Amino acid sequence: MNEKNWQSELTAYIDGELPEAERKALEAALAADPKLQALEKKLRQTIALVKTLPAPEPSRALKQSVLAHLDEEKRPSWFSWPTLVPAMTLAAAAVLVLVLRGGREELPPLVVDEEVLVISQNMEVVEDLDLVGLASAEDLEVVEQLKDLEVTP
Amino acid sequence: MTTLPDTDDARLMIAVGRGDKRAFSALFDRHQASVVRFCGRFVGSAARAEELAQDVFVKLYKSASRYSPTATFKTFLYRVATNHCLNELRRFDERRAQEAKEMTQEQHDAALEHEGTSEGPDLSLEGRELEAAVNAAMEQLSARERAAFAMCRFEGMAYRDIAAAMESTESAVKSLIHRATVTVMKHVEAWQSGAMPSRSLA
């Protein structure tokens, strides 16, 4: 094996990954080659330096975060916000309908202002004439009288 | 501290596959430090290490039912972690390439400076410079060289286990690790001789 090939085996040699026969052959080549020795030294220094680098440490929050993520994933597929929001809206609407229907009989009698009652009884007219500012019972009476006047020859 | 044999991990993993959360918790406690370290070194960012580690453990949990004890647990764990980091690195590179296209030169310079900000544990100036030199070297490695280098140098894994985790051969792993170590050596030498530009070291 020539020098170049030995160079490519050096890292594996330093890592203790060469089979016995190759390791012995490389050690013989090393003993006879100062350039190979220099490269081996530099590689060893580099590997030793890299080992001195501190590693990032996991935070305490990591485990909670992972477990929370798994809990989220374990929920049935329908339990997701895109599905849940319309479902909740429908449920709320259903509850509202039930409350209103069920509660109708128990409601106290309405005390309605007479003026409001007249207006509500003439909603069609009010809606038609709303644009011209008719909003009270008196106004409606005037309108009705005008109609009578029209009919009268 | 007693190191529990890998067979215990395999047994726990089988239990996780049956939905045992306590077994998962035990596995997590045993391996969280090495997964965070590996992910951080792989992508060259302590800040992203936890996010990646979280994804790895979630994937591990999900794949537990498919786990076969024919592979050692550590191999299986690093296979999941390596694949996830490889994909993440690919996505990150694509994102960065897209952003670089849209960036002005000034924004590009500012982003490079921000990337160089130390996010890891407190280090001396020399330690920070060494870390920057190693990170700069790792950025020049292929994704597979990075993976093999990180498993070998930071996790102390044997070539055979790295090959299993990477679904490769020992011979290929030997070449990956040698090329990566030589690249790192050249960067460290440049840093030691003061030849490394400050940007690379930032």
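Here are a few exercises on this two-chain structure, each with a worked solution.

Before you start, note that this is a predicted model: local features need pLDDT of at least 70, side-chain atom pairs count only at pLDDT 80 or more, and totals for chains, interfaces and linings use all residues. Residues are numbered from 1 along each chain as its sequence is written, chains are lettered from A and ligands numbered from 1 in the order in which they are written, and side-chain values use heavy atoms, with hydrogens and water left out.

**Exercise 1. Put the two chains side by side.**

Step 1: go for the secondary structure. Helices (H or I, at least four residues) and strands (E, at least two) are DSSP runs, numbered from the N terminus. Chain A has 8 helices and 0 strands, while chain B comes to 10 helices and 0 strands.

Step 2: check burial. Buried means under 20% relative accessible area, exposed over 50%, and partly exposed in between (1.4 Å probe, protein chains only). In chain A, 22% of the 153 residues count as buried; in chain B, it's 46% of 202.

Step 3: look at contacts (heavy atoms within 4.5 Å). Take those with a separation of 6 or more: residues 24 or more positions apart account for 31% of them in chain A and for 66% in chain B.

Step 4: finish with the surface, using accessible areas from the Shrake-Rupley method with a 1.4 Å probe, where for residues only the protein chains shown count as cover. Chain A exposes about 11600 Å², with 59% from carbon and sulfur atoms. For chain B the figures are about 10200 Å² and 49%.

**Exercise 2. Find the largest nonpolar core and one of its hubs.**

Step 1: apply the rule. A nonpolar core is a set of buried Ala, Val, Leu, Ile, Met, Phe, Trp, Tyr and Cys residues joined through side-chain atoms within 4.5 Å. The largest one has 80 residues, and M151(B) and I162(B) have the most contacts inside it. Helix 2 (residues 21–43) of chain B gives the most to this core, with 10 residues.

Step 2: zoom in on I162(B). Skipping residues up to four places away in sequence, I162(B) touches A148(B), M151(B), C152(B), M157(B), V173(B) and I177(B).

**Exercise 3. Describe the interface between chain B and chain A.**

Step 1: size it up. The contact takes 41 residues from chain B and 35 residues from chain A. About 3400 Å² is buried between them, 68% of it from carbon and sulfur atoms; buried area is the accessible area (1.4 Å probe) that two parts lose on being put together, summed over both. R153(B), H178(B) and M185(B) supply 17% of the area that chain B buries against chain A, more than any other three residues.

Step 2: count the salt bridges (a side-chain nitrogen of Lys or Arg within 4 Å of a carboxyl oxygen of Asp or Glu). There are 5 between chain B and chain A.

Step 3: pick one. D29(B) and K63(A) meet at 2.9 Å, N to O. D29(B) lies in helix 2 of chain B and K63(A) in helix 4 (residues 61–74) of chain A, so the pair joins two chains.

Step 4: try a nonpolar residue at the boundary. I47(A) lies in helix 3 (residues 34–52) of chain A and is buried, at 7% relative accessible area. Leaving aside neighbours within four places in sequence, I47(A) is in contact with I14(A), D15(A), R153(B) and T181(B).

**Exercise 4. Compare two salt bridges that stay within a chain.**

Step 1: take K24(A) and E20(A), whose closest N and O atoms are 3.6 Å apart. The two are 4 residues apart in helix 2 (residues 20–32) of chain A, so about one helical turn separates them. E20(A), R23(A), K24(A) and E27(A) are linked in a network of salt bridges.

Step 2: move to R179(B) and E145(B), with closest N and O atoms 2.8 Å apart. R179(B) lies in helix 9 of chain B and E145(B) in helix 7 of chain B, so the pair ties together parts that are 34 residues apart in sequence.

Step 3: check exposure. R179(B) is partly exposed at 43%, whereas E145(B) counts as buried at 10%.

**Exercise 5. Locate and describe E167(B), a residue with an unusual backbone label.**

Step 1: read the backbone. E167(B) has a positive phi of about 50° although it is not a glycine.

Step 2: place E167(B) in the loop between helix 8 (159–165) and helix 9 (170–192) of chain B. At 58% relative accessibility, E167(B) counts as exposed.
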